[in-house]
Amino acid sequence: MNLPFEEASSRMSASVAIIGSFKTVERYQAVLASIEAFRAEGWTVTSPAGSAVLEAGIDFVRFETDHPDMSDAEVQSVTLERIMSADIVYVTAPDGYIGRTTCYEIGRLIQARRPVFFSMKPEDLPILVASRFIAEASVVAREYKGRHAPTLFEDGEDGSSVVERRLTHG
């Protein structure tokens, strides 16, 4: 039985990693809301698990699910592997803030030519983010489940996009 594209694509599995600042309770609540929005549309969340933060307000946030014997660097490497395994990455950026670790992760994602979307335009990241990459989590979840998701600079004709393509395509 052939299903129309819309219905067939909504049944396909898709995975997302949610990144952003987890430093404050308010910011982590925004991340948890993004996780719920994607899960409601049937997405698998590769990172974070949604577990409790051990200590808010510190530079590198750890979760209950992080192995206690691992260093921060090891936790970051394992997390980056989970982030890179996702079909797309969604950056939860309340008030445009993303933080230092998220900036690092976004840089790695751009270099790897992975699709990245944002809840708001990032204020602390000096890259061009076209408006089509800024949307609520539920909109991104519905729009890209089972469909090709573009990368930030794949087709822009502005100077930044042209240079970024040269950087990422060798």
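**Confidence.** I started with pLDDT, as this is a predicted model. The chain averages 87, and 90% of its residues reach 70 or more. Then I looked up where confidence is lowest and where it is highest. The low end is helix α1 (residues 5–11), with a mean of 42. The high end is strand β4 (residues 116–118), at 98. I also noted that pLDDT stays below 50 over residues 1–11. Leaving aside near neighbours in sequence, I have eight contacts down for that stretch in the model.

**A cis bond.** Next I went through the backbone. Most peptide bonds are trans. The one from S47 to P48 is cis, and I wrote down an omega near -10°. Where is P48 found? I placed P48 in the loop between β2 (44–47) and α3 (72–84).

**Positive phi.** Most residues other than glycine have a negative phi. I picked out D95, which is not a glycine and has a positive phi, near 60°. D95 is in the loop between β3 (88–92) and α4 (100–111). Is D95 buried or exposed? My entry says exposed, because its relative accessible area is 69% and the cut-off for exposed is over 50%.

R113 is another entry of this kind: phi is positive here too, near 55°, and the residue is not glycine. I found R113 in the loop between α4 and β4. Its relative accessibility is 41%, so I logged R113 as partly exposed.

How values were computed
Residues numbered from 1 in each chain as written. Predicted model: local features only at pLDDT ≥ 70, side-chain atom pairs only at ≥ 80, totals over all residues. Heavy atoms only, no water. pLDDT = per-residue confidence, 0-100. Helix = DSSP H or I, 4+ residues; strand = E, 2+ residues; numbered from the N terminus. Contact = heavy atoms within 4.5 Å. Buried < 20%, exposed > 50% of the residue type's maximum accessible area, 1.4 Å probe, protein only.
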